[in-house]
Amino acid sequence: MKMFPSSSCWILTSMVLVGAGCSSDVVAAATQQQPKPVATGEPAPAVPAPHAEDSRRELGPVVDAPIDPYRRDLLHLAYQAAAALPVDPHAKSRASAQELVVLACLDLEQPTLALKFAEEIGNWRRGTALADCAHYCALHGDLDGAARHLAAAEKIAGEIRLDADQQAWRYDSIVMKLARTHAWLGDRQKAEQLAAVVDQTSGQAFDGGWAASVASRADLVTADTLDAELSQLDGIIASATSGEAYNAVSVCTRLFDRFYADAEQREKIARRVRTRDSKLPPDLFTSGLMELARIAIKHDDKAAAKDLLAEARHFLSVSELTKEFRLGFTPLMAIVRFQAGDVGAAQGELEAGLEVYQNERETYRGTKRAKILRPFAEAYQVMGDTQRAGDLYELVVEEGMENPNSRPRAHDISETCLSMARHRFAPDQKLLARIREIVGGLGDPW
Amino acid sequence: MQLPNYLQGTLIALGLTGAVSAQIVPTVVVAADIATSTVWGPPNIYELDGEIHVLDGATLTILPGTVIASDTTVSFPTPGSGPASLTIDRGAMIVAKGTQTNPIVFTSKSDGTTPATTIEPISGAQTTSRNLNGAYRPAATAEWGGVSIHGEGYVSYCNAGVTNTPVPSSSNEAPMEGLLRPNIRNYGGGKVVTAFGGGFTSDGQGDNDDSGAFEFVSIRYNGFVAASTVELNGLGLGGVGRETDLSHIESLNSLDDGIEIWGGAARLKYVEIWACGDDSIDFDQGWRGALQHGLVVQGYTTPSSQGSGLSDNCFEMDGAEQCFWQPVSSAVIANVTVVGMPDAIGTGDPVNGNNGGDHAMAFRDNARVQFHRMVYLDIGDRLVSNDNTDGERCNNASSGIPGAGGGYGCSGTLSWAATWTTATGTLSTVSPFPGFPESTPTEAYITASNMDFGANGKLNEVKDSLIYTGNSSVAYLVEATARGVLALPADDGVNNNNGANVVTGTLPIAAISRDPAVTIGGLTGSPSSVDVARVNFLDPRPATADARRSYEWEAGNTFLDGSRYRGGFGQDRLWTTGWTATAQYGLIATDTANYDLGGCNNPGSRGCTELSITGSWAASTLVTLTARNLAPVPSVGLPGGACVFVIGFAPASPTALPLFGGVLNVLPDIQEGAFGIAGEATVSFVYGRGLPPATIFTQVVAFDDAAFGSPLPFPTGASFSNVVMSRIP
């Protein structure tokens, strides 16, 4: 599920909170043009310094960053697959798939391509996609672009609000992203005005758009206001529904990153996540721990990362969860273990997970197999074993073809292309040809 | 004959191509699961010959006018294995989008069918469909199974000893009741998936999951009860997410519930439940959704006990399978007209203990539901009932409380009484999770959807509703009174912040008539017989001032529109026309000249502007257009309001109407403006220009200084009404 989004490193694989796919080069590429770090995948300032005024200076229009041609090709292929979904009857599925490509483009610093794709989305998700484009522009000093996309997205939100067939959470998904950007640009009043009218059920849904907006509040916290913020988060976590708890944990992990240098503050923040295991949903709790571990690694604190990882593993081992659920965390935990220096153990963990997958494959829903397997390929790529990653990507591609219908096939091949692009995996000619064959062959039955 | 591709495929798959002739289109027998995406469409009739599943990854598209007629004699998966039914598995989709005049009908093979030509009013296209023209068969039920849709929304179901946890988890899932195929979690290889919920690796969907669209669908004469809690309902929604489009759904003569919802966040508009044999609308396992615009009419089909042919509760609401599991059901229901079935109507014996239908609203296991702008009449038993629990328990180690009791107050959750006085967001001080030392109590009872109509909202509430006392039992208002339902502050006449209910002895709807009461004896339990009478005609339009106008309206941005009346219908508006069985059978008032398409947005300072049209558009016939609930426009000195009736042809789709951001091709000679008097404006004329037969659309643009402006694509101060589609004969 979409949690902890950031413009530079937001992995959209299933239920992935941890920046599993944020290999160092992905992060490095993503931060090349950042005027200031804002996301958990970026270097934290030594001293918390949210929202320096000069971060909002006009730097001119954003441009697409240099990128390996094959990655750009993969983005195009992903979009081609998404756009192949027919509007009738799959307008919603099509738009959803298109939006994922837009987000990937932004993650890979391709804002003009993202905008091109965003403007082709045919339903309310064009609004959320444009809002993401606006946020990217704001973060990168393209204030004119941000204003333009904010206005466009806000107009779509207004139209949705007028449409009796629409639902409020769609409107809310847009305006909360708008609020996030307005807050970033310093217009808190506008942000609060937008946030004030949202349907509370949207906020209480497990909705990534809302979480993204709420999470931005972490960027506004200073050392002086941290205790007050934590007290407020305690209230949210203690009193709120699970949806709000997601948002609160999101804020906590961001704060954990920003205040990592201060051990006392760091531990104080981490407790908000670590001591709520019985109350937080299992996926949120596990993901939260792993996000903390990843942040610890980023700050070169491998011992702390291993402790957090052990805590997550213990939780998974003693909790009653479906086997798919457990397996979904295997590659993510392997990456953290790898980044903490346990290379052999990480590989062993992956292979053991793959054995489980092979043994139980027939019991997994057909349309979920590629989604379960894809993070394993990503993990090997992050760990530098491109050969093994390639083998697994081939398997992922074919698993995505198991279902006879093009709707799930289109989703799977599109997401596989995005995965490869994000993780700097260059498919060989044979695999690339197979991908093109699949994309070109999408059609009836949908 | 050249068959459409989809039909060819289907017939070939079924080995029926030899039966196709140039003149006769056979019934398409569907005797296998649907693994590849398929389109069903008229003029064919489709017969479900078993428990048919649309499998993970496949999409079933059903075109307007399609009839699916089935029975209980099936061959798939094995002969005699259960009634015919259709299930949309988790990961599959259904796109069933009928229209106001050309619905999709799921019914029995015993229902009369004849070929018919339908003119699609939106596009003007002419289609040959198999419309149903049989007469109403009031005793008919359980002639086939039902329809189930599964999604990946969160569900609080305790699968004892398996994997579910008491907190929301994408690992939690539940089985759909009433389905007989056993492989609940046997996912692979094109097998059925009778589980729902979970959302594991669901692309970030979860409660936002999309199972497709189900619109303008009539489900008739269905039902199946294999055993207690093994029942097929008219429509079952399991873990269905809010991206699924659900509107204009009818259930008629279902043996069990009309609609039952388990978990998820599905939201529904325009729902009619007529004479179901159990609960009209039932939900459990943490449904966090909303329903607006509805009609519930209790009745009976077979001479059986409540739940097996005799209507039980109008709304039966369970929080979760175990009271403290999460998410707990927390929903908002607004603008529903609820017609119960008291014992011995017309015999002057409403208090003999035989209650006919049961309660209007039965609450169980920590359910939290807010009812607003409702109309209740002829309720057999109580308006509000604390049923406490359905008796289901979680004997699951992960609950920390093996075999713990259920009901309100269970394991430290709020008491029944407290849920009616506790503001949304207020916490308990008692931990419901003693098995977890680090836990806090709050997840047990805080609603997952605090759609609380402002700061005064309570976890459970009935507000701004009309409660008719005629034909009621002595127990009718007892619990409601105890819960303060009748003691809410009075309306101040100005602000949208009051919710006083109105108790009245005046019938609030235009008309209701019933068959003579009959005695149904031999019932299980006590009483062993009831005297009940079916509704044989209903005009649900509001007939009193209290019904025509509510104190409050939904002014915020929610799923609910800003309709400002009580009950399911606005004045002179009948959204049931054109697509329901009840309209077809003459059980409900209809207006085939003017179809209310609903909608209402940018409601301004007084809620939605309402448009109604009466009269025919035939030459030399008086047509009256009325706009109601106009706001004062003090900026131009018009205290009674002002509006423009915009009438014209719409392009090919209703989404092109101004309401939906499109353009209406205005008929210049009949565009009318009007000043209102006391918030109401009327224009009457004889439209004799002699246009050829056509479909036109009308919408009111009302001036309202308080209507929000930017970023709307309309001038500041414009509020838009519902749309009415009319036919020029």
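## Parallel pairing around S26 in chain B

In this predicted model, strand S26 of chain B teams up with strand S29 (residues 384–388) in the parallel sense, with four bridges between them. To find your way along that pairing, look for Met361(B), which sits opposite Val384(B) in S29(B).

S26(B) also has a parallel link to strand S24 (residues 315–318) of chain B, and four bridges make that connection. Here the pair to look for is Glu316(B), which stands opposite Ala362(B) in S26(B).

So much for the backbone partners; where do the residues of S26(B) point? Strand S26 covers residues 361–364, and Met361(B) and Phe363(B) face one way while Ala362(B) and Arg364(B) face the other. Are these residues buried or exposed? All of them are buried, Arg364(B) included.

## An antiparallel sheet further along chain B

Chain B also holds an open sheet of three strands, ordered S38-S39-S43, and its pairing is antiparallel. At the edges are strand S38 (610–614) and strand S43 (681–686), each of which pairs on one side only. On average, neighbouring strands in this sheet are turned by 15° against each other, direction ignored.

Zoom in on S38(B) and you'll find five bridges tying it to strand S39 (residues 622–628) of chain B, with the two running antiparallel. Which residue is the bridge partner of Ile613(B) in S39(B)? That would be Leu625(B).

## Chain A: helices and no strands

Over in chain A, the secondary structure comes to 21 helices and zero strands. Of its 446 residues, 63% count as buried.

How do the contacts in chain A split by separation along the sequence? Take those with a separation of 6 or more: 68% of them are between residues 24 or more positions apart.

## A closer look at helix H14

One of the chain A helices is H14, spanning residues 282–298. With 17 residues, H14(A) reaches 24 Å from its first C-alpha to its last, close to the 24 Å expected at 1.5 Å a residue.

How many residues of H14(A) are buried? The helix is mostly covered, with 17 of its 17 residues buried. An α-helix has 3.6 residues a turn, so residues three or four places apart point the same way. In H14(A), the burial count takes in 17 of 17 residues.

Just past the helix there's a backbone detail to check: H14(A) is followed by Asp300(A), whose phi is positive, near 60°.

Note on methods: Residues are numbered from 1 along each chain as its sequence is written. Chains are lettered from A and ligands numbered from 1 in the order in which they are written. This is a predicted model: local features need pLDDT of at least 70, side-chain atom pairs count only at pLDDT 80 or more; totals for chains, interfaces and linings use all residues. A residue is buried if 20 or more other C-beta atoms lie within 10 Å of its own, exposed if 12 or fewer, and partly exposed in between; C-beta atoms are placed from the backbone. Two residues are in contact if their C-beta atoms, placed from the backbone, lie within 7 Å. The expected span of a helix is 1.5 Å times one less than its number of residues. Two strands pair if DSSP finds at least two bridges between them. Axes are lines fitted to C-alpha atoms, for helices over the stretch in contact, and angles run from 0 to 180 degrees between N-to-C directions.
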